[in-house]
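Thanks for coming. I will go through aromatic pairs, then charges over rings, then cavities. Please have a look at the model first.

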Amino acid sequence: MESQKKYPPAFSFEFFPPKTEEGRTKLRATCVELGELGPRYVSVTYGAGGSTQEGTYQTVKDILAVGLECAPHLSCIGSSRESLRETLQSYVALGVTRIVALRGDMPSGMREAGEFHYANELVAFIREETGDHFHIEVAAYPEFHPQAPSSANDLQNFRRKIAAGANAAITQYFYSFDAYTRFVEDCERLGVDVPIVPGIMPITNYKQLARFSEAAGAEIPRWLRLRLEAYGEDLESIRAFGHEVVADLCERLLAAGAPGLHFYTMNQTGPTRALWEALRLGER
Ligand code: FAD
């Protein structure tokens, strides 16, 4: 974890583009409230294959209007060089200087098409097109990407993204402290020396979390799963227990030298705010 200790911790929030006008109004209020905590930046997810691309742009505009630094996510699978060039130019014109560069996943039923296959190609393209304009974050998988043929291969592929010009990484969420620290140490051995910021998923709804985790290659450890299942529909107890578990994980990560935390807010204020306050992140 030595490589990580030199970076001052940066705390950030992730949102997704709302689908309705009501959701948009609510997200603005969420951004104002969470923005008061003083995150380094916030990010907005992006749908591959056209599902929320307009939504991402609009949400970025809304967030910039409340005065927060905003990093759009951009995925390349299924996109042409021309359309990605236009998107990058539109963000440069808005004054955006950070971007989260991803491969993305094709929506089910759609065949893979397009000029890009992996995120390292997108990182190289962004550098080719816009030089050093953007601070580029990429995705990292402490428990390994579900399609990776092996852990060693996935690590090499992660290294390619950094070699292509990424400045930092945000991890998939995880509940195993060791998975993260071992991943970072493996990266160090491969000469990767950028901040690898843990992605933190507050636990609020067990069924939804279990569904996400299956697809994302993020494991809910057996002890945690069984305890959460035992609460059944008692959401209040799930939240209270989830808060305790995640706050403890965050505390251990920061003590070990993690260079910040990136919260998957799911567009909700409460759980992220509670963690922020319990961990006194505003004072770090
Ligand atoms: P890559 O880094 O390209 O890796 C994908 C797979 O290909 C891995 O198995 C890897 O080992 C392998 N691979 C990589 N490069 C090569 C290569 N050159 N040759 C051979 N194999 C290679 N999805 C969205 O749709 N929208 C979002 O906004 C979004 N935001 C995310 C944010 C974070 C922080 C994270 C962790 C994930 C996010 N995702 C998002 C999910 C992500 O798009 C998926 O996990 C996707 O399957 C992989 O994207 P990637 O950028 O990690 O891909």
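Counting ring pairs among the aromatic side chains gives eleven aromatic pairs. Take F11 and W276 as one of them: the ring centres are 5.8 Å apart and the planes stand at 75°, over the 60 degrees required, so this pair is edge-to-face. Where do the two partners lie? F11 belongs to strand β1, residues 10–15, and W276 to helix α10, residues 270–278, so the contact ties together parts that are 265 residues apart in sequence.

Are these two side chains buried or exposed? The cut-off for buried is under 20% relative accessible area. F11 has 5% relative accessibility and therefore counts as buried. W276, at 4%, counts as buried because of that cut-off too. Both residues also belong to an aromatic cluster, which consists of F11, F13, F263 and W276.

I should say here that this is a predicted model, so please take every distance and angle as computed from predicted coordinates.

Next, charges over rings. The charged end of R98 sits over the ring of Y41, at 4.0 Å from the ring centre. R252 lies over the face of F177, and there the distance to the ring centre is 4.2 Å.

Now the cavities. How many of 30 Å³ or more does a search of the whole structure find? The search returns three.

The largest has a volume of about 130 Å³. Its lining is made up of 13 residues, and those nearest the centre are M201, P202, T204, Q208 and M266. Which helix gives the most to that lining? That is α7, residues 206–216, with three residues. By residue class, the lining of the largest cavity has eight nonpolar residues, five polar and no charged.

The second largest cavity has a volume of about 50 Å³. The residues lining it are P18, R24, L27, R28, C31, T59, D62, I63 and V66. Helices α1, residues 21–35, and α2, residues 53–65, each supply at least two of them. The largest share comes from α1, with four residues. Here the classes come out as five nonpolar, one polar and three charged.

To put the two linings side by side: the largest cavity has no charged residues in its lining, whereas the second largest has three.

That is what I have on rings and cavities. I will take questions now.

Note on methods
Residues are numbered from 1 along each chain as its sequence is written. This is a predicted model: local features need pLDDT of at least 70, side-chain atom pairs count only at pLDDT 80 or more; totals for chains, interfaces and linings use all residues. Side-chain values use heavy atoms; hydrogens and water are left out. On a 1 Å grid over the protein atoms alone, a cavity is a set of points where a 1.4 Å probe fits but cannot get out, and a pocket is an open set with protein on both sides within 12 Å along at least five of seven lines; lining residues have an atom within 4 Å of a point. Grid points are joined across faces, edges and corners, and a volume is the space filled by probe spheres set on the points. Helices (H or I, at least four residues) and strands (E, at least two) are DSSP runs, numbered from the N terminus. Ala, Val, Leu, Ile, Met, Phe, Trp, Tyr, Cys and Pro count as nonpolar, Asp, Glu, Lys and Arg as charged, and the others, Gly among them, as polar. Rings of Phe, Tyr and Trp (its six-membered ring) pair if their centres lie within 6.5 Å; planes under 30 degrees apart count as stacked, over 60 as edge-to-face and the rest as tilted. Buried means under 20% relative accessible area, exposed over 50%, partly exposed in between (1.4 Å probe, protein chains only). A charge sits over a ring if NZ of Lys or CZ of Arg is within 6 Å of the ring centre and within 35 degrees of the ring normal.
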